[in-house]
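Here are my notes after a pass through this one, point by point. Have it open in your viewer while you read.

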Amino acid sequence: MSAAAQPRPSEPKYDYDLFVIGTGPGGEGAAMQAAKGGMKVGVAERYRQIGGGCTHWGTIPSKALRYAVTSTMKSLKNPVMRELGFSVAPTMEQLNRGTQTIIGRQVSMRQSFYDRNGVPIHRGQCRFVDEHSVSIDHGEPITAANFVISTGSRPYRPPGVDFSHPRIFDSDTILTMPEKPTSITVYGAGVIGTEYASMFRNLGIKVNLINTRSKLLEFLDDEIIDALSYHLRDQGVIIRHDEQMERIEGKDDGVILHLKSGKMLKTDVFLWANGRQGNTDDLGLENIPVEANKRGQVVVDEHFQTCVPSIYAVGDVIGIPSLASAAYTQGRSAGMHLLGQADGNLRLNDIPTGIYTSPEISSVGKTERELTDQCVPYEVGQAQFRSLARAQITGETTGMLKLLFHRETKEILGVHCFGANASEIIHIGQAIMNQPGLQNTIEYFIETTFNYPTMAEAYRVAALNGINRLF
């Protein structure tokens, strides 16, 4: 047979094996996992830079600002600095100055992941045409065997609130606040609201924190909730529980919050921090069987598949836990399920909370309330940070580590931490909790030598405290 007569290789059925919509942590996790598994992968990003809300409006900029605030104020309160005559009031512009540099580094690093793995980035708004094709800004269709929706979320904006007013902000726009106010009302006492309330109080700003529920962060252990509430009030934050907004009135000299209880609060600025909305309203979902709920969130199964098996969804767009760390793991899980490498959700029942108030809060596993409801015979071991040499040296003595363990098997059931570096400290307990069988035991912390002085030593102190309660 001549060369001209030989059969030509068949054209691939689709442009990509996987097409990912969104380059936040969830999209990145899915794209990199699939690409390393040999799939041909493409991604779409509507923003001018990759990284998603995590990099540009949420996690990275807010935590960068938090670090700038805490480190600056700690330095200014140092007796040596005061003795030397340092007494300054940093502006918001100064505190935010390093944020763009950090964001730039994150974007550059993440761009290198896509470049190294040969994953092209299509710029523009991506919309579904049908179950196996999308268009970018209404261009020519791009086809794929599978899709991952990882479009993230944005602050929920209720009707009747004028977010164009220069004194009314949400969690995306608050970081652009030009000047430091003397007072602020934060409406919504979830994770974002409590983090910002804590941060602004550290700057000496008067803070009203309005909670629509009866407790702060009800998913946490009760003792941690009590500690947070006490510490915020001790710092001067005014907390009002069980309140609902009637209306918000923007003025030239401030913002008045009218509550349904009849109360009125006036502050220089107002931060709406009550709820998130999934970014699905301009995704072309009307062209496929996948639907979003009233908050724009997509329903998925344990493999992160939607009602269309070839279309997955991960990250904030599927709702709780709405954590960057969880989104990345969810993306990897979806990628591994596509590759046939995993038939589960990569231990997504083992996600630690990380709440960046001052001090931090982090927890993993069961709370006392849950164990009591389940009639599990547990015991408690505690270590107060004020008793640790490292905390005394650094001056960060506020906080505690709490271990919950089964009083018969000694199995660790939950770890809860409130204090400096809590989000780092928690991972030691998380690692031991996930050891197989009898290797998960509080005895590990009693028999292990910890560096001294360290914050990790709190595990030994808490373990001994708990064992001493047994009889």
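1. Start with a single rung of the ladder: Leu403 has Val415 of S22 as its bridge partner. The two strands around that rung are S21 (residues 399-406) and S22 (residues 412-419), which pair in the antiparallel sense over 7 bridges. Keep in mind throughout that this is a predicted model.

2. Zooming out, S21 and S22 belong to an open sheet of 5 strands, ordered S18-S19-S22-S21-S20, with antiparallel pairing. Strand S18 (353-355) and strand S20 (378-384) are the edges; each has a single partner strand, so one side of each has no neighbour in the sheet. On average, neighbouring strands are turned by 10° against each other, direction ignored.

3. Two helices go with this sheet. Helix H8 (residues 222-235) lies across strand S19 (360-365), S20, S21 and S22, and runs at about 5° to S22. Helix H12 (residues 422-433) packs on the sheet too, touching S19, S21 and S22, but its direction makes about 170° with that of S22.

4. Now some backbone oddities. Most residues other than glycine have a negative phi, and most peptide bonds are trans. Asn421, in the loop between S22 and H12, has a positive phi of about 65° although it is not a glycine. Asp137 is another non-glycine with a positive phi, of about 50°, and sits in the loop between strand S5 (133-136) and strand S6 (142-149). Are these two buried or exposed? Neither label fits: Asn421 is partly exposed at a relative accessible area of 39%, and Asp137 is partly exposed at 46%.

5. Check the prolines as well. The peptide bond from Ile320 to Pro321 is cis, with omega near 10°; Pro321 lies in the loop between strand S17 (311-313) and helix H9 (324-339). The bond from Tyr452 to Pro453 is also cis, with omega near 0°, and Pro453 is found in the loop between helix H13 (443-447) and helix H14 (458-467).

6. On to the rings: the count comes to 9 aromatic pairs. Tyr47 and Trp57 have ring centres 4.8 Å apart and planes at 65°; edge-to-face starts at over 60 degrees, so this pair is edge-to-face. Tyr47 is in the loop between strand S2 (41-45) and helix H2 (52-56), and Trp57 in the loop between H2 and H3, so the pair ties together parts 10 residues apart in sequence. Tyr47 counts as partly exposed at 24% relative accessibility, and Trp57 is partly exposed at 30%.

7. Tyr187 and Trp272 make a stacked pair, because their planes are at 25° with the centres 4.9 Å apart. Tyr187 is in strand S9 (residues 183-187) and Trp272 in strand S15 (residues 269-272), so the pair links parts 85 residues apart in sequence. Both Tyr187 and Trp272 are buried. Elsewhere, Tyr16, Phe19, Phe128 and Phe147 form one aromatic cluster.

8. There are charges over rings to look at, too. The charged end of Arg295 sits over the ring of Tyr156, 4.0 Å from its centre. The charged end of Arg407 sits over the ring of Phe471, at 5.0 Å from the centre.

9. Last, helix H3 (residues 59-77): its 19 residues reach 27 Å from first C-alpha to last, close to the 27 Å expected. Its buried residues include Ile60, Leu65, Val69, Met73 and Leu76.

Notes
Residues are numbered from 1 along each chain as its sequence is written. This is a predicted model: local features need pLDDT of at least 70, side-chain atom pairs count only at pLDDT 80 or more; totals for chains, interfaces and linings use all residues. Side-chain values use heavy atoms; hydrogens and water are left out. Helices (H or I, at least four residues) and strands (E, at least two) are DSSP runs, numbered from the N terminus. The expected span of a helix is 1.5 Å times one less than its number of residues. Buried means under 20% relative accessible area, exposed over 50%, partly exposed in between (1.4 Å probe, protein chains only). Two strands pair if DSSP finds at least two bridges between them. Axes are lines fitted to C-alpha atoms, for helices over the stretch in contact, and angles run from 0 to 180 degrees between N-to-C directions. Contact means heavy atoms within 4.5 Å. Rings of Phe, Tyr and Trp (its six-membered ring) pair if their centres lie within 6.5 Å; planes under 30 degrees apart count as stacked, over 60 as edge-to-face and the rest as tilted. A charge sits over a ring if NZ of Lys or CZ of Arg is within 6 Å of the ring centre and within 35 degrees of the ring normal.
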